[in-house]
Structure formats: structure tokens, C-alpha cells
Amino acid sequence: MGSVVRMFSQFLIGIVLARLLGPEAFGTVAIGWVMIGIGSIVAELGLNAAVIQRETLAKQDIRFAFTAQVLFGAALTGVGYFSASSIALFFHHADATPVIRAMSFLFLLQSFGQTAGALLRRTLNFKAYQGIGIVSYLTGYLLVGIPCAYSGLGAWSLVAAHLVQSMTFSLAAMW
């Protein structure tokens, strides 16, 4: 049910944002999403799977996974931030540099919630995990993204929405 609600929300909110922003804003942010997608594969370091699958899990294991993910998230944020102009030039879209720099902070924001999310899945608390995902998406995109797009912030509407979504997910998962 959580997946259905999320897909339906993403579909409707996506339509509204597409009508408000147009293709240029999505194209600019898509460059950042490519970077985030590639980096996210690396960022997790396999630690989520280790937290979920380890037969016995001690507090120091959780602390290690959390610390490693936050440190690696910070490192990827730095790499994304300082390589943003090169990434933008690679895609022949130099004006995407500030957007990519802002989106690089997603690595750090997401890293705070990764271990907590893995612990929710480990304990088979999928209801809470799905609920956090839905609430964080709606908070980011419905409460932040759409009003920002309506105010004429363009691509920054999507950036703000994604940053708020990630921060909300991490805070709620840790709570």
C-alpha cells in the first residue's frame, strides 16, 4: 500500500511540477540527479546490507556503520561540490553548477538516515519505513517544491524539495 501511495503521489505532484516549471528546470536538475544516482550506489558502502543481515548486531556495529556512512557522505558532498563545474561542463550546461553544488549536500543529508533506515528494515518495521518515505516525500515536494515552483524559483524548487525530503527522511528515521 505504501508503494501505491508513493507512486500515486509522485505521479500527481510530478504533473503539477512539470506544468509549473517546464522542461528546462527538470533538465538542469537531472544533471544533479545523475551525479546523486551514481554517488548513492557508492555512498552506502554495503553497510546497510550488513546492518540488515548480520546475525547479531552490537551497538558498536551500529555506531561504526553510522559514522562510516556520515563520513563518506561528507566526503562525497565535498567531491560533488568541488567537481560541480566540471560535471556541468561535461553536460554542456555551465549554469547547472550552482544546482549541482547544492544537490551535493544530499549525500550528507541522506547519510544520517541510512543506518536508521536499515535498522527499521532489519526489524521488519516496513510500515514505519514506508510511512517515513511517504511523509518525507510529501513534505519535500508538496509543502516545499510546489510552493517554490509557484513562486517562480525554477530548478531551485526541485533542489529545495529534494533537500527537504532527504533531511525529513533522515530525521524521522533517526527518531
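## Accessibility and the basis of this report

A residue counts as buried under 20% relative accessible area, as exposed over 50%, and as partly exposed in between. Y81, with a relative accessibility of 30%, is therefore partly exposed. The structure described here is a predicted model.

## Aromatic pairs

The whole structure contains 6 aromatic pairs. One of these joins Y81 and F82, whose ring centres are 5.2 Å apart and whose planes stand at 80°, so the pair is edge-to-face. F82 has a relative accessible area of 68% and is exposed, whereas its partner Y81 is partly exposed. Ring pairs also connect Y81 and F82 with F105, and these residues form a cluster.

A further aromatic pair consists of Y137 and Y141, with 4.7 Å from centre to centre and 20° between the planes; this pair is stacked. Both tyrosines, Y137 and Y141, are buried. They belong to helix α8 (residues 126-150), where a spacing of 4 residues places Y137 and Y141 about one helical turn apart.

## Packing of α4 against α7

Two packed helices are described by the angle between their axes and the distance between the axes. For helix α4 (residues 59-82) and helix α7 (residues 105-122), the axes come within 7 Å and cross at roughly 160°. Angles over 145 degrees count as roughly antiparallel, and α4 and α7 are therefore roughly antiparallel to each other. Their crossing is right-handed.

On the α4 side, the contact is made by I62, A65, F66, Q69, V70, G73, A74, L76, T77 and Y81. On the α7 side, the contributing residues are F105, F107, L108, S111, F112, Q114, T115 and L119. Sorted by class, the contact of α4 with α7 comprises 12 nonpolar and 6 polar residues, with no charged residues. Y81 and F105, which take part in this contact, are also members of the aromatic cluster with F82.

## Packing of α7 against α9

Helix α7 also packs with helix α9 (residues 155-174), at an angle of about 25° and with the axes 8 Å apart. Angles under 35 degrees count as roughly parallel, and α7 and α9 are therefore roughly parallel to each other. The crossing in which α7 passes α9 is left-handed.

From α7, the contact draws on F105, L106, L109, Q110, F112, G113, A116 and G117. From α9, it draws on H162, L163, S166, M167, F169, S170, A173 and M174. These residues divide into 10 nonpolar and 6 polar, and none is charged. F105 and F112 appear among the α7 residues that touch α9, and F105 and F112 are likewise listed in the contact with α4.

## Buried residues of α2

A25 is located in helix α2 (residues 23-43). With a relative accessible area of 7%, A25 is buried. Apart from its neighbours within four places in sequence, A25 is in contact with G154, A155 and L158. A25 and A155 are separated by 130 residues in sequence, yet the distance between their C-alpha atoms is 4.3 Å.

T28 also has its place in helix α2. A relative accessible area of 6% makes T28 buried. When residues up to four places away in sequence are not counted, T28 touches H93, A96, V99 and A155. A155 is thus listed among the contacts of T28 and among the contacts of A25.

## Loop residues

H92 lies in the loop between α5 (84-90) and α6 (97-103). Although H92 is not a glycine, its phi is positive, at about 55°. H92 is exposed, with a relative accessible area of 73%. L124, in the loop between α7 and α8, also has a positive phi, near 60°, in a residue other than glycine. L124 counts as exposed at 62% relative accessibility.

S83 is found in the loop between α4 and α5. At 23% relative accessibility, S83 counts as partly exposed. S83 and I132 are 49 residues apart along the chain, and their C-alpha atoms are separated by 32 Å.

Key:
Residues numbered from 1 in each chain as written. Predicted model: local features only at pLDDT ≥ 70, side-chain atom pairs only at ≥ 80, totals over all residues. Heavy atoms only, no water. Axes fitted to C-alpha atoms, helices over the stretch in contact; angles between N-to-C directions. Helix = DSSP H or I, 4+ residues; strand = E, 2+ residues; numbered from the N terminus. Parallel < 35°, antiparallel > 145°, perpendicular 65-115°, else oblique. Left-handed = near helix turned anticlockwise from the far one by under 90°. Contact = heavy atoms within 4.5 Å. Nonpolar A, V, L, I, M, F, W, Y, C, P; charged D, E, K, R; others polar. Buried < 20%, exposed > 50% of the residue type's maximum accessible area, 1.4 Å probe, protein only. Phe/Tyr/Trp six-rings, centres within 6.5 Å; stacked < 30°, edge-to-face > 60°.
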